[in-house]
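Work through the exercises below with the sequence and the model open. Try each task before reading its solution.

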Amino acid sequence: MSGITPVLPAQVLRAWPLHGVAASRDMEARGLADSAPHALMQAAGQAVARLALAVAPHAQRVWVACGPGNNGGDGLVAATQLHRAGRRVNVTLLGDATRLPADAANALQQAQAAQVPITSTLASPPDADLAIDALLGLGAARAPQGDMALAIAALNALSAPVLAVDLPSGLHAERGQPLGGEAVRATHTLALLGLKPGLFTGRGRDHAGHIWLDSLGQDLNLQTPSAWLWSPTAQTWPLREHQQHKGSFGDVVVLGGAPGMGGAALLAGRAALAAGAGRVLLGALDPTLQGLVDTQGPELMPRTVASLLQVSILSSSTVVCGCGGGQAVRAVLPAVLHHAARLVLDADALNAVAADDHLRRLLHARAGSGRASVVTPHPLEAARLLGCDAAAVQADRLGQAQALAESLQATVVLKGSGSVIASPGQVPAINPTGNARLATAGSGDVLAGWLGGHWSSRHATSPHDVACACAWLHGRAAEGADTRLPLRAADLADAMRGALPSWPA
């Protein structure tokens, strides 16, 4: 399919720029200026028709639901092309046909001239082997109502595949959340001109299905992206040199595992070893666990918490703090925040920072003294740090993650569907990998430990790059298997090792 490129799954190793509404409008204006009248919409509609024939080659009955804007015009062009290809096409055109934009009005004239059946009511949506959602595009900013909401419900009630044009109707282009009660749940989405962040985070991935892109001949790099859809390169996990030894890969200190939560610290420690740390020193906050050898990870080196809080240890180590830390983690945080060379904060450590302004100031001050930090909140933990609720975080994952990064002066990994990685003064990234198999106890502890191990073994790597690489591999480890059952955290580190991509020598 000329010009149409698959964006996901993550086996397609390529970083993609993501553009918000304003940048997408600029790209559209540039495309219109560079094209003959109506040519850009014709190209877009033809791309939709080509993808429709490719993803549903045996479909004979096609329903095209069109709205009153240019998204609907793209649908009308596609309907005309499919009609000429011998498919039985029915178009439902909502809105006032006399007030269509110029390009869409031209598309309607061509469809009428080709005798494509067009109705303006939803009394009885036609039977279809394939549906095309061309109702609402980039400009939608409020909850669909009336016939538009009914059309979305009708599309979602179909058993046939649904191809969305540019964006599933009713989905916010930047935030990845439905504008109202529901948005189209597409089987495929063909993004046009550029990719929108909302397709990849929040609920966007559930609504967009398989994502494709046709840039319509435009250069995606001429606009500053709102975010990057991150992908690794061969340099992300370089080969180890023959002359290196365990001291070359640094020490990780894991502090966590309060009474009743010792497993969290063990999971983090094992993950740090699997990720490449030279040594992992484990300080359990449960006094009864200090000094116990982990029979499943005998390489872990148990130490007393007091011995690990020495300045000489903290200042030369990557510290992972908070995994299963409970209330006990508060006591160790001042020393850790003051002295850790590189710091990963997770779980209860984040809750402690959220509740204590002094700890928050210590975290913020680390960047000014050249000591980097990565925090790995889930939405509720992020909400506590931001002073809002989890719903507000989920409503604007990109914006809230960036706000938290600036507030803490730390790299933030906002976990969830389409994890967001944000760092002060940088364009954020969205991680394209993962699924609900990771929704299991201990998965976050493994991610935090792996972060510590990966960072320790590559001292010079930026925390942003470390966080992106670890989130990507964490998600990739869960892919390619049945999502009805979770991936146990105890198995996750080994799955991550097995998920490392390979490149030609």
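Two strands pair if DSSP finds at least two bridges between them. Helices (H or I, at least four residues) and strands (E, at least two) are DSSP runs, numbered from the N terminus. This is a predicted model: local features need pLDDT of at least 70, side-chain atom pairs count only at pLDDT 80 or more, and totals for chains, interfaces and linings use all residues. Residues are numbered from 1 along each chain as its sequence is written, and side-chain values use heavy atoms, with hydrogens and water left out.

**Exercise 1. The sheet of 11 strands**

Task: Give the strand order of the open sheet of 11 strands, and find its edges.

Solution: Start with the order, which is S2-S10-S19-S18-S17-S16-S15-S14-S11-S12-S13. The pairing is mixed. Next, look at the edges: strand S2 (16-18) and strand S13 (301-302) each have a single partner strand, so one side of each has no neighbour in the sheet. Now take one pair inside the order. Strand S18 (residues 420-422) and strand S19 (residues 429-430) are antiparallel, with 2 bridges. Val-420 has Ile-430 of S19 as its bridge partner.

**Exercise 2. The sheet of 8 strands**

Task: Trace the open sheet of 8 strands, then follow the pairings of S3 and S6.

Solution: The order is S1-S9-S8-S7-S6-S3-S4-S5, again with mixed pairing. Strand S1 (4-6) and strand S5 (118-119) are the edges; each has a single partner strand, so one side of each stays without a neighbour in the sheet.

Go to strand S3 (residues 61-66). Of its 6 residues, 5 are buried (under 20% relative accessible area; exposed is over 50%, partly exposed in between; 1.4 Å probe, protein chains only).

- S3 pairs with strand S4 (residues 88-93) in the parallel sense over 6 bridges. Cys-66 is matched with Leu-93 in S4.
- Between S3 and S4 the chain passes through helix H3 (residues 70-84), a right-handed β-α-β crossover. Right-handed means that, with the strands pointing away from the viewer, the path from the first strand over the helix to the second runs clockwise.
- S3 also runs parallel to strand S6 (residues 130-134), through 5 bridges. Val-62 is matched with Leu-130 in S6.
- S6 in turn joins strand S7 (residues 162-165) by 3 parallel bridges. Ile-132 stands opposite Leu-163 in S7.

**Exercise 3. The cores**

Task: Which residues have the most contacts inside the largest nonpolar core?

Solution: A nonpolar core is a set of buried Ala, Val, Leu, Ile, Met, Phe, Trp, Tyr and Cys residues joined through side-chain atoms within 4.5 Å. The largest one has 98 residues, and Phe-200, Cys-321 and Leu-345 have the most contacts inside it. Helix H2 (residues 39-55) gives the largest share, 8 residues. Another core, of 46 residues, lies apart; Trp-450 and Ala-469 are among its members.

Now check Leu-345. Leaving aside neighbours within four places in sequence, its contacts (heavy atoms within 4.5 Å) include Cys-321, Leu-333 and Val-374.

**Exercise 4. Cysteines**

Task: How many disulfides are there?

Solution: A disulfide is a pair of cysteine sulfur atoms within 2.5 Å. The count is 0. For Cys-323, the nearest cysteine sulfur belongs to Cys-321, 8.2 Å away. Cys-323 is buried, at 0% relative accessible area. Cys-388 is partly exposed, at 32%.
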